[in-house]
Amino acid sequence: MKRAEREQPAARPEACNATTPMGRAIRLVGDVCILLIVINLLSGPRRFSELLEQLGHISSRTLTQRLRLLEELGFVERRAFLEIPPRVEYHLTPTGQEFGQVIAAIEEFARKNLADPLPASSCGTLCSASSSASSDQSPISRSVTAPPCGENDAFAGASEEAEN
């Protein structure tokens, strides 16, 4: 018998499974676009065009997908106003506000443990987005320019798998 046949594959940690609550939470926290949308909505309701402008390098398709996902999860509510021209605003629900507390905890951890800057060559686009802002200002309380968000990132694929 071959060694590969005798060995059983190691069990995957629960956090790797996109269908478990922990796996889904990790994918939310790991999606830069989702984090930046929530950060921008923490200061109040925003129109789609405002979010698109604030997020910079995100495509309208990606923003639409992430907003729909956040709506499905109950983090964001879409309000349509019967006006001419039509107006739509997005705002955080209480669940979305609670997710903002998670982001604030990550920010606190980063300030405490990751204050020393990394060399520019080791962190790529994330440094270029954050280096333009003052280190005294909280990323949650200011507008953030997003690094490019991929159309086919890991979270989008995981959410499609979970739906099937």
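Q: Hi! How do helix 4 and helix 5 cross, and at roughly what angle?
A: Happy to help. In this predicted model, the axes of helix 4 (residues 48-55) and helix 5 (residues 60-72) come within 11 Å and cross at roughly 115°. The crossing is right-handed.

Q: Nice. Which residues of helix 4 meet helix 5 there?
A: From helix 4 you have F48, L51, L52 and L55. Their partners in helix 5 are S60, L63, T64 and L67.

Q: And what's that contact like by class: nonpolar, polar or charged?
A: Six residues in the contact of helix 4 with helix 5 are nonpolar and two are polar, with no charged ones.

Q: Switching topic: where does P85 lie?
A: P85 is in the loop between strand 2 (76-81) and strand 3 (87-92). The peptide bond joining I84 and P85 is cis, with omega about -5°.

Q: What about R87, where does that one lie?
A: R87 lies over the face of F81, 3.8 Å from the ring centre.

Q: While we're on rings, how many aromatic pairs turn up in the whole structure?
A: A search of the whole structure gives one aromatic pair.

Q: Last thing, what is the mean pLDDT of the chain?
A: The mean is 76 for the protein chain, and 62% of its residues reach 70 or more. Over residues 125-148 pLDDT stays under 50, and the model has 40 contacts beyond four places in sequence for them. Residues 151-164 are also below 50, and that stretch has 17 contacts beyond near neighbours in sequence.

Terms used:
Residues are numbered from 1 along each chain as its sequence is written. This is a predicted model: local features need pLDDT of at least 70, side-chain atom pairs count only at pLDDT 80 or more; totals for chains, interfaces and linings use all residues. Side-chain values use heavy atoms; hydrogens and water are left out. Rings of Phe, Tyr and Trp (its six-membered ring) pair if their centres lie within 6.5 Å; planes under 30 degrees apart count as stacked, over 60 as edge-to-face and the rest as tilted. A charge sits over a ring if NZ of Lys or CZ of Arg is within 6 Å of the ring centre and within 35 degrees of the ring normal. Axes are lines fitted to C-alpha atoms, for helices over the stretch in contact, and angles run from 0 to 180 degrees between N-to-C directions. Helices (H or I, at least four residues) and strands (E, at least two) are DSSP runs, numbered from the N terminus. A crossing is left-handed if the near helix is turned anticlockwise from the far one by less than a right angle, and right-handed if clockwise. Contact means heavy atoms within 4.5 Å. Ala, Val, Leu, Ile, Met, Phe, Trp, Tyr, Cys and Pro count as nonpolar, Asp, Glu, Lys and Arg as charged, and the others, Gly among them, as polar. pLDDT is the predictor's confidence in each residue, from 0 to 100.
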